[in-house]
Amino acid sequence: MFNFESWLPWMVIIFGITSIILYSLPSQYGSIIGKERSANRVQILVLGDIGRSPRMQYHALSIARHEIQVDLIGYLESNIHPDILANPAIIKVHPLDLTPEYLKTKDNRLFIFYGPLKVLFQIWTIWIVLGYRTRPARWLLVQNPPSIPTLFIAQIICFLRHTRLVIDWHNFGYSILALRLGNTHPLVQISRLYERIFARAAYAHFCVTDAMSRVLKRDYGISSEIRSLHDRPASNFRVLSNEQRHHFLDELPALLYPEDVQKRRDFTVTTEAVKKGVAKLLISSTSWTPDEDFSILLDALVKYSDLAITTHPELPEILAVITGKGPQRADFQSRISQLKAEGKLEMVTIETAFLSINDYARLLGSADLGVSLHTSSSGVDLPMKVVDMFGAGLPVAGWGEFEAWPELVHEGINGKSFSDAAGLQAILMQLFGPDKGLLEKLKEGAVQEGKKRWDDEWDRVAAELFLPISSYGLIFPHQIS
């Protein structure tokens, strides 16, 4: 016979524990009658440095432009776009705690042990910020990669908070991991399966190329909506006048050497040569990761320098500025020093830098040629740097041996492609040689391509998903008869 009195204490304990658990769960979107139910709020999650994630910053600015509240979540390791900081009432930045140094390793043999611990730490920090430090949102927009643990924790949060998950595909997480561990490594295979499983549960998807969209449908079996949202330059990337270009080149020595007066003076000689047209300014940007092989650029510049002082004296000097932060930067600088000491860069000056977003935009607008060494781990992503270069009217020479490259760079119209150092060296000689016609033609093509802007692309592709049409009076293509 059931003894109610003997079970009563246990029932109270179970009820109390259940109540605590339910009370401790994140609050839900639409759970409050009135304002909270109708509010249109968007969370944007970047499991990386926000300052080095321009596309996600542009998402935030585009959403905020329509007066929708945005919670931008990620690491704060470099400067954020100034327009985001200028609008704290609409865009709130929520920093994630950085992974402790003792959970990081470059040794692939230890990665299998340190990796899971790092993931657990990331799960905890994302859970706290997404679930408790931010208000419930109607939408959660997640950058992918990294997919681990982002997609997993995002699915849980969206389930608990009644939030719709949208994945913004920049590449595939497993293909990035394969650069480090190899395609056949068990963790890469697990990552591939994990990514496919969790991707299918998202409400909608953005991707950076049409080729990526096809892969998501064909190989990932995604049946929910997929929209190709191509990267476009933001408004701060623009063509400079000669006066603006010269003004920036005058400032460049101080930006590169803020505390070294003698180096500033020496470098000014080079920038003056660029202003006079007797030297060419070549720009590349990088995160210094394995998917970009800068030995190609160095080998091409060494060969160019050799030819410029021997059989092709008509070739101008080159000032090459490489911008960005990352793990392989120190190795690159060491090799530059070695090549200089060996006298192999007599006609080439190479500088590395990390500039603010606005100074970087002016640097592109002042250059003669941009170089992209992005090799694409998946074959279907595209480098954002090329988009920014076109926004500044800068023609591009890039490694073009992957499927998506022709979606952005049109051979002989706005850029040139190469597959090795010899190909890049030939392009440099062709574009910087006596015949200026081709470089001018490519610049015209870059200017035309750069007229396609992010705000226009976002409104055309993404606005319909996030914005209530009745509130903002927007008209979308399918509504036009």
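These questions and answers walk through a predicted model. Local features need pLDDT of at least 70 and side-chain atom pairs count only at pLDDT 80 or more, while totals for chains, interfaces and linings use all residues. Residues are numbered from 1 along each chain as its sequence is written, and side-chain values use heavy atoms, with hydrogens and water left out.

Trainee: Which strands stand at the edges of the open sheet of seven strands?
Mentor: Helices (H or I, at least four residues) and strands (E, at least two) are DSSP runs, numbered from the N terminus. Two strands pair if DSSP finds at least two bridges between them. The order is β3-β2-β1-β4-β5-β6-β7, with parallel pairing. Each edge strand has a single partner, so one side is left without a neighbour in the sheet: these are β3 (91-95) and β7 (225-228).

Trainee: Which residue stands opposite isoleucine 44 in β4?
Mentor: Strand β1 (residues 41-49) and strand β4 (residues 139-144) run parallel, joined by four bridges. Opposite isoleucine 44 in β4 stands leucine 141.

Trainee: What angle does the direction of helix α6 make with that of β4?
Mentor: Axes are lines fitted to C-alpha atoms, for helices over the stretch in contact, and angles run from 0 to 180 degrees between N-to-C directions. Contact means heavy atoms within 4.5 Å. Helix α6 (residues 150-161) packs on the sheet and touches β1, β4 and β5. Its direction makes with that of β4 an angle of about 175°.

Trainee: Which peptide bonds are cis around proline 145?
Mentor: Proline 145 sits in the loop between β4 and α6, and so does proline 146. The bond joining asparagine 144 and proline 145 is cis, with omega about 0°. Also cis, with omega near 5°, is the bond from proline 145 to proline 146.

Trainee: How do α7 and α8 run, roughly parallel or roughly antiparallel?
Mentor: Helix α7 (residues 173-181) and helix α8 (residues 186-199) pack with their axes 9 Å apart, at an angle of about 175°. Angles under 35 degrees count as roughly parallel, over 145 as roughly antiparallel, 65 to 115 as roughly perpendicular and the rest as oblique. That makes the α7 direction, relative to α8, roughly antiparallel.

Trainee: Which residues of α8 make the contact with α7?
Mentor: On the α7 side are Gly173, Tyr174, Leu177, Ala178 and Leu181. On the α8 side are Leu187, Val188, Ser191, Arg192 and Glu195.

Trainee: What kind of pair do the rings of phenylalanine 152 and phenylalanine 198 form?
Mentor: Rings of Phe, Tyr and Trp (its six-membered ring) pair if their centres lie within 6.5 Å; planes under 30 degrees apart count as stacked, over 60 as edge-to-face and the rest as tilted. Phenylalanine 152 lies in helix α6 and phenylalanine 198 in helix α8, so the pair ties together parts 46 residues apart in sequence. The centres are 5.9 Å apart and the planes at 85°, so the pair is edge-to-face.

Trainee: What is the length of the polar contact between lysine 275 and aspartate 250?
Mentor: A polar contact is a pair of N or O atoms within 3.5 Å; within protein, one must be able to donate a hydrogen and the other to accept it, and residues adjacent in sequence count only if both atoms are side-chain atoms. Lysine 275 lies in helix α11 (residues 261-276). Its side chain joins that of aspartate 250 at 2.7 Å.

Trainee: In β13, which residue is the bridge partner of tryptophan 399?
Mentor: The open sheet of six strands has the order β10-β9-β8-β11-β12-β13. Strand β12 (residues 396-399) pairs with β13 in the parallel sense over four bridges. The β13 partner of tryptophan 399 is phenylalanine 418.
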